[in-house]
Structure formats: structure tokens, C-alpha cells
Amino acid sequence: MKNFLLLSFFLLSGGLFAQRPASSYRAPAPSIKGKVTGRLVDAQSNEPLAFASVVLHDPKKNKTVNGTITEDDGRFKLADVPPGNYELQVSFVGYDQQTMPVQLTPRNPDLNLSTIKMTGNLQQLEEVIVEGERELIENKIDKIVYNAERDVANDGGDASDVLRRAPLLSVDLEGNVSLRGSQNVQILVNGKPSTMFAGNPGDALRAIPADQIKSVEVITSPSAKYDGEGTAGIINIITKKSNAEGFTGNINLSAGNISNRGVVGITAGKGRLGFNANGSAYYRIPQDGSTSLLRRDVINNETRLLTESGGNESDRLGFFVTAGAFYDFNAFHSLTSSFRLRGFSSNNNNVILGDFDDPVNTINQQYERTSETENLYSGYEWSIDYIYKVPEQEGRELAISYKIDGNVQDQDFAIQQMDLEGSDPSLFRNERNINDGDNQEITYQIDYTHPLGDYLKIESGAKMVLRNVTSDFRYDIFNTNTGEFEIDEASTDFLDYDQNVYAGYASGTLKLGEKYGLIAGARYEFTEIAGRFRDNDIAPFSNDYQNLLPSITFNRKLGKTTNAKISYSRRIQRPNLRFINPFVNRENNRNTTQGNPELNPELTDQYEFSYSTFIKRISVNASVFYRRTTDIIESFLEVDGEGVSNTIFQNVGTANSVGLNFFTSATLLKVWTLRGGLNLFTYDATGNVNGESISNQAILWNGNVNSNIKLKKDWIIDIFGFYRAPRQTLQGFNPSFSIFTMGVRKEIWNKRGSIGIRMVEPFFPDKAFGSELEGDNFYQESERIIPFRSFGINFRYKFGKLDFRQRARKSKINNDDVQRGGDSQQQF
């Protein structure tokens with residue numbers, strides 16, 4: 001059935017593509033980036049004219065579209081020019097201005113004017129200045145865009161720092177991202193999903209340097225063309241990609257008492273061929289912290305008590321490399337490819353002192369446990385996209401995409417434990433807990449766009465995602481008699497897990513006059529799951545389900561800068577691949593964690609109304625929403641009769657949430673920009689787990705404030721603060737998070753370089769993160785204290801030709817269909 005549906009959708013796309021449009025509308029041919037070249041010389045001496053002004057003017061729109069100055073040899077080049085009819089204006093002090101017609105066509109996009117001879121006179125040409133700048137925050141019909149490259153405060157940070165500054169988002173200590181209080185978001189990079197987010201999204205975000213990020217798109221009500229995953233919405237991180245003639249590059253170095261990072265990027269281009277690459281390395285200096293745990297549980301009317309406390313040391317080392325290339329064969333055929341390589345290692349050493357008092361079994365134990373954890377993560381991605389633009393119909397195109405994505409996550413725990421009193425041999429531990437995980441995705445996708453006149457655009461497509469996850473987990477116990485480690489067969493196995501998704505969609509964008517807009521569509525997704533264990537006597541499991549996911553957005557323009565929008569969407573949230581791994585983390589044998597391969601997906605219906613306006617340098621965006629989610633996935637803790645707790649992910653029930661989002665930005669005195677946002681929402685969940693009826697309600701919030709001041713002589717001062725209230729669950733809450741940063745930057749060398757200072761939490765050396773959980777028979781609280789105060793310096797330098805234009809080229813593939821986020825207690 002699924003193959004028939006997929007084939008039908010491909011044929012539908014092809015059939016639509018083969019049809020001629022029903023109307024007589026013929027739009028101009030799609031724009032390709034051509035160029036105009038030539039050489040200016042003196043008419044009498046034939047000497048080249050250096051530093052002459054060359055301007056390309058559009059007479060129909062009466063505006064300048066490009067401009068440059070001649071080189072030392074008199075040559076000039078205007079790149080990135082779309083086909084059309086223009087006027088070329090050339091001028092130089094003491095010479096007559098010349099104006100000549102220029103025509104570029106899709107089939108002949110390049111024009112060489114050869115030698116232009118200038119005749120001298122005494123008049124001077126008035127300088128032409130073309131200046132434009134995007135707003136830091138842009139509100140569009142289907143998304144909010146945060147132009148991160150314009151925010152100088154991001155220097156020296158990583159992607160998690162960038163997302164904290166984006167509207168509607170919050171990021172906790174572990175790097176888990178929430179949108180309107182929900183961590184069920186899908187994170188894309190250049191419109192594409194990545195297996196780098198399948199394990200711990202925080203580690204993935206820390207690997208991406210902030211200065212490689214161009215913008216962040218926050219999509220709360222995705223249309224049907226996006227994958228159905230991400231019940232809270234989609235976050236699309238757009239990285240910087242440049243199209244420049246010649247060669248350009250940049251260097252960014254940051255050093256501090258905690259984090260250190262180096263970034264190098266290059267861009268090369270000639271004609272319709274371009275290449276860009278970026279590489280970064282980062283190192284987190286070993287830091288000392290502390291942890292504590294207290295748990296009380298009741299059995300047979302007696303209270304057992306477990307207390308643990310101790311210290312830890314951790315460090316991190318990693319790299320991140322990206323490369324991309326494009327080639328435009330002509331105005332109608334183009335090819336784009338990108339490659340990404342990543343890896344990092346982290347080490348964690350813990351020394352814990354524990355006390356377990358069990359009056360039921362007359363046990364009182366004091367012990368010391370040491371653990372050494374080594375994590376090694378690596379991955380790669382490669383994608384290729386072919387786009388065909390139909391001649392004589394602007395916007396009508398066919399895109400075919402392929403992507404392969406691999407990820408390796410290996411963990412190795414070495415645990416030793418001893419009885420402090422020396423009288424209880426059962427406390428002795430010398431064990432190894434190992435998990436080697438591999439994750440591979442292969443994606444095929446086709447998308448077709450067909451405009452019908454000036455007011456209607458139809459989009460359709462089909463997609464197939466093939467996922468395979470393996471987890472080779474092993475538990476070794478040291479045998480004191482043989483002096484060797486032996487495998488614990490009951491806790492050792494190999495999981496082979498397949499998840500395949502077949503999807504098709506159709507969506508329409510309708511412009512109703514000058515004030516109304518509508519985006520409506522539906523997406524069909526069929527999911528099949530199969531899993532098998534190799535060693536233990538566990539039966540294979542399988543499941544399949546199908547979902548129809550409609551979406552609609554209606555926009556009303558109330559004024560030149562005022563809009564109102566109402567939307568509805570249904571979204572699905574498949575369990576994170578980390579959530580289904582049955583590997584049991586026994587680093588603490590009295591507090592274990594594991595995944596659940598039998599999880600069902602969440603399904604969410606969301607309704608939203610938003611309003612945005614811009615009045616006298618003040619922008620305001622406000623929205624209200626209602627969201628209902630069934631089969632919510634949360635971690636659930638239970639304590640057994642031996643006093644051992646186990647945390648496992650489960651479908652725990654249904655959740656309802658009503659919320660208000662508010663964001664504003666104001667520019668004062670032309671040099672001072674203030675920004676702030678507030679997200680207020682409810683948590684109202686009910687469920688039944690193992691026969692136990694549970695419910696919990698809370699009002700939660702998060703917000704941020706940012707102040708940016710531009711002073712004379714290119715000095716910039718930035719202050720940022722963020723707070724997120726504790727995240728609620730059915731059993732309790734997880735830690736709150738806050739951060740305060742200050743930064744000063746000075747641009748140098750004619751703005752080719754800059755040097756800056758960044759401070760994080762200058763007034764508090766450490767931060768404490770506490771959580772509380774409670775069940776019918778237990779209460780547990782835990783706390784981590786980690787060093788947080790940091791000081792660092794940042795240096796940035798750009799070299800090569802700097803007057804290039806940004807050119808965004810991103811794959812059509814968006815595998816936004818598995819759950820992200822959650823507690824980072826277990827990875828694979």
C-alpha cells in the first residue's frame with residue numbers, strides 16, 4: 001500500500017509538471033546570476049582609469065541594482081545580475097558620464113563590453129551610494145526570522161547562544177531547545193534535518209560556531225511541505241553561504257578561562273561556479289563541579305533513605321567542518337551539493353560518597369563510587385540537489401534531492417565502588433558499561449512548484465526516509481577469582497531498529513487581493529517500524545501507522561506594517577531514536593536509566609492567533625495559542641523493592657497548554673536597541689502509568705532582555721539576560737536556567753577586523769541546577785553545581801574581496817520527523 005501511494009505521488013508530481021498552465025499567464029524566465037564586465041580607458045591616451053564609478057541602473061523601477069569601482073587596470077565586473085534591460089552608467093572625476101543600454105537574457109546572461117573610452121571634461125559625477133540593511137527580526141506569513149549575523153553579541157559563541165536570543169525559544173544548560181515551553185521541536189540546518197540532533201541536541205548545537213549562522217527561522221505553524229514532525233514547531237538554522245567572484249575568507253578566534261574556539265572560512269567563485277568551506281575546533285578546559293542526590297521511598301510503612309554527594313571533572317574537545325558547491329549550467333538547470341563532517345569527545349570523572357539506610361531489610365551502607373566516562377561522537381552528511389526551472393514561467397520548478405546521513409555515538413563507563421567500612425562485600429563493584437551506537441538515514445525527495453497566475457501557487461511532493469539504528473550494548477563485571485572481566489549476558493545485547501517514513505503532500509498559497517493571504521494543504525505520512533534483538537530471548541517487534549496532517553494559515557494585512565494571522569496545524573512527534581534504545585545506563589546502580597523501543601508517537605493539534613506591527617522604530621509581535629497533545633512522551637521514575645530507581649521513557653497521557661507570547665524591539669536615539677520577549681503558558685497533563693492515575697498543572701514562563709549600544713569610533717556594547725522557569729513533568733520539575741552576558745567589541749582595520757571581550761555571569765562564579773520528582777511511594781531531589789563565570793576575548797578578521805553578496809542555496813530535504821530534546825541522561 002505504501003509503495004503504491006508513494007508511486008502515485010511521484011506520478012502526480014510528474015503529471016502536474018508535464019501540464020501546461022491553464023491560464024495564458026507567461027512570467028519572465030527565472031533569474032540566473034549573470035555578470036557585466038568591461039574596461040575603462042582614457043579616449044586620448046588609452047591609459048586605464050582606476051577607481052572609476054560603474055553603476056547598473058534599472059530604468060523601469062528607477063533604482064540602482066548594482067555598482068562597483070574599476071581596478072588598477074581599469075577593469076570592472078558586476079556579478080550576480082539577473083536577466084533584464086538596464087542602463088550602465090560609468091563616470092570618473094574630470095570625464096563625461098556615459099550611459100549605455102545593457103541587456104542580459106537567461107540564455108546569454110553574461111555580457112562583455114570590452115573597452116569603454118572616456119572623454120575628459122571638468123564636471124564631476126555625484127557619488128552614488130546604495131545602502132540597505134535587514135531588520136534584526138522579520139515577521140513573515142509562515143515564520144519569524146532572527147537575522148543572527150547582524151547581532152554582534154553572538155561573536156565567540158555557539159548555536160545554543162544564538163537560539164537563546166531568537167524569539168519564542170529557550171535553551172537550557174544541556175542545550176535542550178524549547179519552543180513555547182515544549183521540547184518537541186525539529187531542528188534543521190539549511191532546511192535539512194541531521195542525525196547530529198538524534199542523540200543529544202545540546203552537544204550538536206555546541207559544535208556549530210555562532211559566526212557561521214546567518215539567520216534562524218522559527219516556524220510555529222509549518223505548512224504541508226514540511227515534514228509532520230515537531231509538535232511544537234520547526235527551528236531552521238541557516239548558515240552563511242556566499243557567492244563572490246574571486247576569493248574571500250575569514251578567521252575567528254576566541255579564548256577564555258572555560259571555552260576556546262577557532263574558526264576559518266573560505267569562499268571562492270568564478271562565473272556560475274562557487275565553493276565555500278568552514279572549519280572549526282573547540283576545547284572546553286576541564287572544570288570541577290559537584291552533585292548531590294536525596295531520595296526517600298516508603299515500603300511497608302518504613303522509610304528508606306538514599307543520599308549521595310561528590311565532585312566531578314569534565315572536559316570537551318571537538319571539530320566541525322562544512323563544505324558546499326554549486327554550479328548553474330544555465331538559467332534553467334542547477335546543481336548544488338554540500339558535505340558536513342563533525343566529531344567530539346568528552347570525558348567525565350566522578351567521585352561520589354553514598355549512604356543507603358534500609359530499615360526494612362536492616363541494611364545500612366556507606367560507600368565510595370568512582371566512575372570514568374568516555375564519549376566519542378562523530379558523523380557525516382552529504383546531499384545533492386538538482387533544480388529545473390521552467391522557461392518563461394517564473395517560480396515553476398522541479399527539485400530532486402538525495403541525502404545520506406550517518407552518526408556514531410560510543411559511550412564507555414568504567415565504574416568502581418568500595419565499602420567505606422570494609423564489612424559488606426556486596427558493595428564491591430568493578431564494572432564496565434559500554435554502548436556503541438550507529439545511526440544512518442537515506443532520503444529521497446521530489447518537490448514541484450507550479451504558479452497559476454499572479455495569485456495562486458501550488459506545491460506538491462513526495463519523500464522517502466529510510467532509517468537504521470543499531471545499538472551494541474555490553475555490561476562487563478570483574479571476576480575477582482579469575483582476575484578478568486566477564487560479560488553479563490542478561491544485560492548485554494544488540495538492537496537492530498528500522499524506521500521508514502513514506503510521505504506525500506499538496507499545498508496551495510493564495511493571494512486574495514492586496515490584504516489577504518492563505519496557505520492551506522495536507523500531508524500524508526506512513527510509518528513502519530521493525531526491531532529485533534540478537535542475543536537474548538526477546539521477540540522481534542513491529543508497528544506501522546498512518547497520519548493525515550492538515551494545516552491552514554490565514555493572514556490579514558491591517559496596514560503598511562501591521563499584520564494579523566490565524567492558523568491551525570496537526571503535527572506528529574515520533575520518539576527520538578535515543579528514547580527507544582533499551583541500553584541501561586548503570587553508572588549509578590541505584591539510579592539507572594534506559595529507553596523504550598515500544599513508544600508510540602505523539603499527536604498534536606495547535607491553534608494560533610498572532611499580531612505584529614511596527615510603529616516609529618518599535619516593533620511588536622504578540623500571539624496566543626492552544627495546543628493539545630495525546631500520548632505525550634516523558635521520562636518516568638519508579639523505585640523497586642530493593643531501593644533501586646529506574647527512569648524510562650513512556651507514553652504517559654494527554655497534555656493541554658494555553659499560552660501567550662510577546663516580543664518587542666525598539667531603537668532609541670538611533671544608536672541604542674532594546675529587545676525583549678516573554679513566553680507565558682500552562683502545563684496541564686493527566687495520565688495513567690502502570691495502573692496509577694496521575695496529573696499535574698503549572699503556570700510556566702521564560703523571557704529575555706537584550707540591550708545593544710553602538711558608540712562612536714565603531715565601539716559596540718551588548719548586554720543580554722535570559723531566564724526559564726523549571727520545566728514541569730507529571731512527576732515534578734526539572735531545573736530552571738538563567739544566564740547573563742556582557743560584551744564589548746571594537747571594529748578595526750577599516751571594519752575588516754574586530755576585537756572584543758565577552759563575560760558570562762560576571763557576578764556569580766557557580767550555578768546550581770536542582771530538580772524534584774515525586775511518586776506515590778517516593779520523593780527525590782537532586783542538584784548539580786557547576787562553574788559558570790567566564791571571561792574571554794574574541795578576534796575576527798576578514799580578507800579578500802568584501803563586496804560580495806550572500807547567496808543562499810539549501811537542500812529541499814527536511815527530515816523533521818523524530819522527537820528531539822529531553823533529558824540528556826542517555827545517548828546512542
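The exercises below, each with a worked solution, concern two sheets, one residue and one pocket of a predicted model.

Residues are numbered from 1 along each chain as its sequence is written, and side-chain values use heavy atoms, with hydrogens and water left out. As the model is predicted, local features need pLDDT of at least 70 and side-chain atom pairs count only at pLDDT 80 or more, while totals for chains, interfaces and linings use all residues.

**Exercise 1.** Describe the open sheet that contains strands S4, S1 and S7, and state which strands stand at its edges.

*Solution.* Begin with the terms: strands are DSSP runs of E with at least two residues, numbered from the N terminus, and two strands pair if DSSP finds at least two bridges between them. The order of the 3 strands is S4-S1-S7, and their pairing is mixed. Strand S4 (75-81) and strand S7 (110-118) each have a single partner strand, so one side of each is left without a neighbour in the sheet. From one strand to the next, the twist averages 15°, where axes are lines fitted to C-alpha atoms and angles run from 0 to 180 degrees between N-to-C directions. Turning to the pairing, strand S1 (residues 34-42) and S4 are antiparallel over 5 bridges, and Gly38 has Phe76 in S4 as its bridge partner.

**Exercise 2.** Work out the strand order of the open sheet of 5 strands, and examine how S13 is joined to S14.

*Solution.* The order is S8-S9-S13-S14-S12, with mixed pairing. The edges are strand S8 (137-139) and strand S12 (185-189), each of which pairs on one side only. Strand S13 (residues 213-219) and strand S14 (residues 233-239) run antiparallel and are joined by 6 bridges; Glu217 stands opposite Asn236 in S14.

**Exercise 3.** Is Ala666 buried or exposed, and which residues does Ala666 touch?

*Solution.* Ala666 is found in strand S33 (residues 645-668). Its relative accessibility is 13%, so Ala666 counts as buried (under 20% relative accessible area with a 1.4 Å probe, protein chains only; exposed means over 50%). Not counting residues up to four places away in sequence, Ala666 touches Arg617, Ile618, Trp672, Thr673 and Leu674, contact meaning heavy atoms within 4.5 Å.

**Exercise 4.** Characterise the lining of the second largest pocket.

*Solution.* Of the 20 residues that line this pocket, the closest to its centre are Phe473, Phe533, Ile538, Pro582 and Gln594. The lining divides into 11 nonpolar, 6 polar and 3 charged residues.

Key: On a 1 Å grid over the protein atoms alone, a cavity is a set of points where a 1.4 Å probe fits but cannot get out, and a pocket is an open set with protein on both sides within 12 Å along at least five of seven lines; lining residues have an atom within 4 Å of a point. Ala, Val, Leu, Ile, Met, Phe, Trp, Tyr, Cys and Pro count as nonpolar, Asp, Glu, Lys and Arg as charged, and the others, Gly among them, as polar. Helices (H or I, at least four residues) and strands (E, at least two) are DSSP runs, numbered from the N terminus.
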